[in-house]
Amino acid sequence: MAGPSLMDSFFQRSLDDLIKGIRLCLPGGEAAFIAKSVDEIRREIKSTDSQTKATALQKLTYLHSLHWVDMSWAAFPAVELSSSSVHSHKRLALLSASLSFNPTTDVILLLTHQLRKDFSSSNPHDVSLALSTLSSISTLDLSRDLTPELFILLNSSKNFVKKKAIAAILRVFEQYPEAVRVCFKRIVENLESSDMGVLSAAVGLFCELTVREPRSYLPLAPEFYKILLDSRNNWVLIKVLKIFAKLAPLEPRLAKRIVEPICEHLRRTGSKSLAFECVNTIVTSLSEHEPAVKLAIMKIQEFLLENDPNLKYLGLQALAVVAAKHSWAVLENKEVVIKSLDDVDVNIKLESLQLVMAMVSEDNLAEICKVLISYALKSEPEFCNEILGSILSTCSRNFYEVIVDFDWYVSLLGEMSRIPHCQKGDDIETQLIDIGMRVKDVRLELVHVARGLLIDPALLGNPFIHNVLSAAAWLSGEYVEFSRNLLELMESLLQPRTCLLPSPIRAVYIQSAFKVLTFGVYSFLSTGDDASYPSELTDFVLKEDFQESSETVTSAPISGADLSNGLNPRSSHPSAGNGEDPVIAHEQTSSASSKKQQLTQKSVMDLVNLVEVNLGPLAGSHEVEIQERASNILGMIGMIKPRIHSSMDESEGDRIKRELRASGMMKLMFDAFSEELGPVSVSAQERVPIPEGLVLKESLSDIEAICDHIKLPISSSFSLVRSHSLNNATTIHEHPSKEEYEPSSESTSLLAEHRKRHGIYYLSSENKVMISDDYPPALELKDQAIDEAEDLVKLTKQSLDLRKKRNQAKPRPVVVKLDDGEGAHIVVKKPQLKDDLISGAVREVLLGNEAASSSSNKAIKKREKNELNIDRPESNITMTSTVASEPGNASSRHKLRISGKEKKRSSSGKEKKEHDHKHNQKSDRIHAKHKSRQRADGTLNVAAQSPVIPDFLL
Amino acid sequence: MGIRFILMVNKQGQTRLAQYYEYLTLEERRALEGEIVRKCLARNEQQCSFVEHRNYKIVYRRYASLFFLVGVDNEENELAILEFIHLLVETMDRHFGNVCELDIMFHLEKAHFMLEEMVMNGCIVETSKANILSPIQLMDKAS
């Protein structure tokens with residue numbers, strides 16, 4: 001491309017031309033026009049004529065700022081122009097730099113010299129321009145190199161310049177915390193400035209710094225307090241209030257001191273923004289001071305009653321902050337809050353929703369939920385789901401703490417899933433299953449609700465509640481003993497419209513059908529015509545082969561007796577009114593007797609046929625989950641069907657023999673399903689102790705060599721369970737047929753071999769024993785509804801004892817909680833390094849302020865300077881925390897102050913030379929200072945001087 | 001850092017001024033502006049002037065055909081920012097005389113200079129209209 005010619009300059013389009021051109025563009029043509037203009041600019045910007053160059057840069061800046069055109073390639077022309085003697089060109093160049101430069105722009109360093117020159121210009125506007133630029137583009141290098149000049153400007157006689165220098169320095173501190181040591185004292189002096197601009201800039205700076213790390217600025221409280229009393233400028237007052245909001249929680253005496261002036265401002269001011277800031281400060285930081293809080297709440301009420309949506313929104317927000325400690329405040333304004341649920345503004349609605357949830361207690365929960373559901377029904381989808389979401393999260397908080405009547409809550413969950421806009425299927429699913437596992441007494445109602453959901457074919461068409469249906473299906477299968485009509489349940493699980501479900505959920509349906517079928521057939525077989533003998537038979541079978549199962553059975557009456565106490569409240573429930581006592585799976589006899597009337601041979605045959613007809617086609621499904629499960633069921637039906645069928649017309653002896661085998665087998669199946677699933681702690685996996693000799697962080701580079709030996713990739717965690725289960729012979733029965741059992745044993749032997757060879761990658765065998773003692777082994781066949789990962793975790797502890805104990809003690813149904821504070825996550829937040837450095841430096845400077853210039857300090861300082869041994873910055877942290885925890889302990893704080901002073905002095909002189917050092921050296925120095933400070937603590941005798949804060953406070 | 005960005009956007013959603021006080025890439029800016037504009041312009045007069053977006057609070061106000069949107073962090077006082085917007089508009093009004101969208105379009109630099117006087121590092125440093133405008137008036141005189 002040709003270079004810029006005279007013609008180019010002569011006919012150069014101005015910015016106005018460019019803007020007009022863009023405006024004239026037809027829709028869609030804009031991009032092309034801009035691209036063309038950028039091409040022009042590329043040529044023009046190379047011009048030697050500074051006017052042409054400036055105009056080109058101006059146009060490019062415009063395009064960059066408003067049309068997102070990249071201009072990183074034009075950084076150098078901007079630097080070139082910044083040294084122009086024409087003020088407008090310089091302005092333009094620096095504006096362009098501050099709008100487009102980023103931390104990675106490499107030509108920034110070329111600006112250093114120009115900025116330094118401008119800083120010393122006699123024209124305050126040049127200085128101001130340079131300061132503005134510095135504040136928006138400064139990097140570490142720039143900050144470090146220009147700190148000395150900034151230090152001079154902070155003392156400028158022109159307030160205009162001083163103000164800008166103070167405002168610009170925040171960025172410099174962020175980039176180069178060492179600058180704090182140099183400049184901080186001068187900035188503090190300006191807190192007493194009489195010039196509003198300077199004061200405002202200084203307070204603004206401190207506000208920013210305090211928000212990041214309040215504690216370091218406590219010593220400045222007297223200065224801020226003075227401003228709080230004297231200033232009449234609302235902007236400044238707001239900033240000072242923000243500072244106090246951070247400081248007050250750290251120092252109770254300070255809070256006591258400021259509460260009255262703040263209330264005074266609140267009473268007197270006509271400015272809404274200042275009043276709002278006062279309210280905010282009181283509710284966030286002074287909530288212990290009852291009269292102040294009352295005053296603030298009165299003001300909030302005023303806001304709420306005004307017809308301004310802004311005030312209403314902020315009032316509700318403030319109320320939400322108060323609500324944590326003073327819930328009466330919300331109750332007092334209940335009416336406005338509830339009405340706001342219907343506001344035109346969704347933001348206000350959300351705030352009021354949050355407040356409504358804050359009002360929830362055991363007593364009013366049902367009422368509030370009723371109101372909320374009615375709002376949800378008439379709201380637009382988005383807010384409707386917000387409401388549902390908050391109901392779900394509030395009710396489930398802390399293991400359903402607020403819920404007394406679980407039957408009510410479970411039916412509410414059912415109701416919620418039927419709300420047309422409901423998209424909270426996932427949460428409802430989780431809660432339904434969770435409640436099923438945790439709260440025994442509510443299972444009857446759960447099954448009832450699940451039935452309602454399952455038999456409604458319309459729900460299958462709504463993808464949002466497929467998850468709820470999945471939970472419903474799982475519950476009906478898992479707690480099938482509570483179902484009153486097995487045939488109806490089976491029909492709903494197998495209805496043709498289930499083909500609308502995604503295959504994982506369909507698999508849950510099929511699995512549930514399996515459980516229902518097992519339950520039905522087993523109940524039938526174990527009762528037969530004569531209730532007494534099949535159970536003998538089963539006992540016989542059990543004794544022969546399955547010791548452990550038989551133990552479960554014999555122990556059943558005990559648990560049943562335990563349960564009957566807990567069951568009392570439920571028997572009064574209307575849906576259980578027919579006197580059919582629901583029973584847990586283990587308790588065979590009572591369950592059988594109650595089912596006896598329903599389960600005739602015909603009805604069982606109907607059940608079996610229904611399953612067979614409906615699942616037949618699915619055995620050829622392409623989805624493996626569906627196919628496999630369908631095949632399992634069909635396989636089982638193939639075995640049991642002739643036996644049920646023949647039980648009528650065969651001879652007595654054959655019949656007994658067949659039934660013996662059939663019911664024996666069914667018993668095994670049934671037992672496999674009747675193990676109860678319990679909740680699992682989120683930290684369960686972590687609590688499995690890491691066996692000795694297992695090195696988790698070691699490189700797994702040799703894993704391939706190991707895998708070469710073994711053809712079958714077996715997920716070790718799952719296999720572990722399997723092998724262990726087989727050893728104990730408890731879970732064999734979950735395999736419906738022998739054919740399926742074989743491969744499993746094969747894999748087990750493979751696994752055993754693998755374990756033998758690579759034992760170190762396995763958990764130690766002690767762990768296995770522990771697992772088998774404490775927890776029911778996971779039953780793979782019944783866990784589809786639950787995440788696989790969760791299933792793994794299930795191996796770990798489940799505190800059954802705890803649950804039983806509570807069963808009798810509490811009037812409210814027992815909610816099983818694991819004993820380890822399940823769900824508690826501790827997040828350790830690391831402090832930001834930069835801020836830490838700033839505040840570290842600030843502390844040193846500030847705490848050094850008051851030190852007397854005793855000569856002994858200097859001597860010690862010199863000695864310590866040489867001591868560059870590195871220490872962790874912890875020393876710093878621990879020391880400040882002692883200061884914090886003992887406000888009265890003046891001497892310790894004072895020691896800090898004096899030692900800080902030394903360091904400040906020691907560094908300030910050499911500062912400029914040391915700037916050139918690398919980071920690590922710098923940080924070394926900081927650490928060394930901490931170290932020396934500690935030393936100073938030990939050696940100095942400082943009891944004589946009185947510290948700043950106590951002075952002010954007493 | 002108080003104010004994180006200031007946008008002026010017309011009714012059609014076109015950005016007329018964009019000043020950021022933290023570094024965002026062009027793509028991030030473009031996405032952010034798009035999202036905010038969509039959110040705020042959809043709101044009506046009866047709704048409040050505050051919108052939460054990502055980790056910003058957006059305080060906005062409409063003057064004639066122009067929306068002034070200020071993104072602030074969570075510590076900031078919303079009402080004070082509304083007053084700041086009003087002050088900005090009054091200042092521009094005083095300078096341009098009945099300021100309109102075109103004034104800002106064609107004098108974008110000046111608008112930036114005014115902001116430069118009012119805000120540094122995201123902190124409001126000057127609230128006196130006379131003080132804000134005096135450097136610009138000097139500049140006008142010089143040229």
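Which residue forms a salt bridge with A:Lys53? The legends below begin with that pair in this predicted model.

**Figure 1. A salt bridge joins A:Lys53 and A:Glu80.** The partner of A:Lys53 is A:Glu80, and the closest N and O atoms of the pair are 2.9 Å apart. A:Lys53 belongs to helix 4 (residues 50–67) of chain A and A:Glu80 to helix 5 (residues 75–82) of chain A, so the salt bridge ties together parts that are 27 residues apart in sequence. A:Lys53 counts as buried because its relative accessibility, 10%, falls under the 20% limit. A:Glu80, with a relative accessible area of 34%, is partly exposed.

**Figure 2. Helix 4 of chain A is mostly covered.** Of the 18 residues in helix 4 of chain A, 15 are buried. At 1.5 Å a residue, helix 4 of chain A should span 26 Å, and the 25 Å between its end C-alpha atoms agrees with this. Just after helix 4 of chain A comes A:Trp68, which takes a positive phi of about 55°. An α-helix has 3.6 residues a turn, so residues three or four places apart point the same way.

**Figure 3. A:Lys272 and A:Glu306 form a salt bridge.** The closest N and O atoms of A:Lys272 and A:Glu306 lie 3.6 Å apart. A:Lys272 is in helix 16 (residues 272–285) of chain A, whereas A:Glu306 is in the loop between helix 17 (290–305) and helix 18 (309–323) of chain A; the pair therefore ties together parts that are 34 residues apart in sequence. A:Lys272 is partly exposed at 33% relative accessibility, and A:Glu306 is partly exposed with a relative accessible area of 32%.

**Figure 4. A salt bridge links two loops of chain A through A:Lys325 and A:Glu288.** In this pair the closest N and O atoms are 3.5 Å apart. A:Lys325 lies in the loop between helix 18 and helix 19 (327–332) of chain A, and A:Glu288 lies in the loop between helix 16 and helix 17 of chain A, so the bridge ties together parts that are 37 residues apart in sequence. Both A:Lys325 and A:Glu288 are exposed.

**Figure 5. Four residues of chain A share a network of salt bridges.** The linked residues are A:Glu260, A:Glu264, A:Arg267 and A:Arg268. Over all chains, the whole structure holds 39 salt bridges.

**Figure 6. Chain B combines five helices with seven strands.** Along the sequence, the elements of chain B follow the pattern β-β-α-β-β-β-α-α-α-β-β-α. Chain B has 143 residues, of which 63% count as buried. Among its contacts between residues at least 6 apart in sequence, 50% join residues at least 24 apart. Chain B exposes about 5500 Å², and carbon and sulfur atoms supply 47% of that area.

**Figure 7. Chain B meets chain A through 48 of its residues.** These residues are in contact with 62 residues of chain A. Together the two chains bury about 5000 Å² between them, 57% of it on carbon and sulfur atoms. B:Phe106, B:Met120 and B:Asn121 supply 13% of the area that chain B buries against chain A, more than any other three residues.

**Figure 8. A:Lys164 and B:Glu117 meet in a salt bridge across the interface.** The N to O distance between their side chains is 3.2 Å. Five salt bridges are found across the interface of chain B and chain A, and 19 residue pairs are in polar contact between these chains. Among the elements of chain B that each supply at least two residues of the side touching chain A are helix 1 (26–41), helix 2 (78–96) and helix 5 (129–142).

Note on methods: Residues are numbered from 1 along each chain as its sequence is written. Chains are lettered from A and ligands numbered from 1 in the order in which they are written. This is a predicted model: local features need pLDDT of at least 70, side-chain atom pairs count only at pLDDT 80 or more; totals for chains, interfaces and linings use all residues. Side-chain values use heavy atoms; hydrogens and water are left out. Helices (H or I, at least four residues) and strands (E, at least two) are DSSP runs, numbered from the N terminus. Buried means under 20% relative accessible area, exposed over 50%, partly exposed in between (1.4 Å probe, protein chains only). Contact means heavy atoms within 4.5 Å. Accessible areas come from the Shrake-Rupley method with a 1.4 Å probe; for residues, only the protein chains shown count as cover. The expected span of a helix is 1.5 Å times one less than its number of residues. Buried area is the accessible area (1.4 Å probe) that two parts lose on being put together, summed over both. A polar contact is a pair of N or O atoms within 3.5 Å; within protein, one must be able to donate a hydrogen and the other to accept it, and residues adjacent in sequence count only if both atoms are side-chain atoms.
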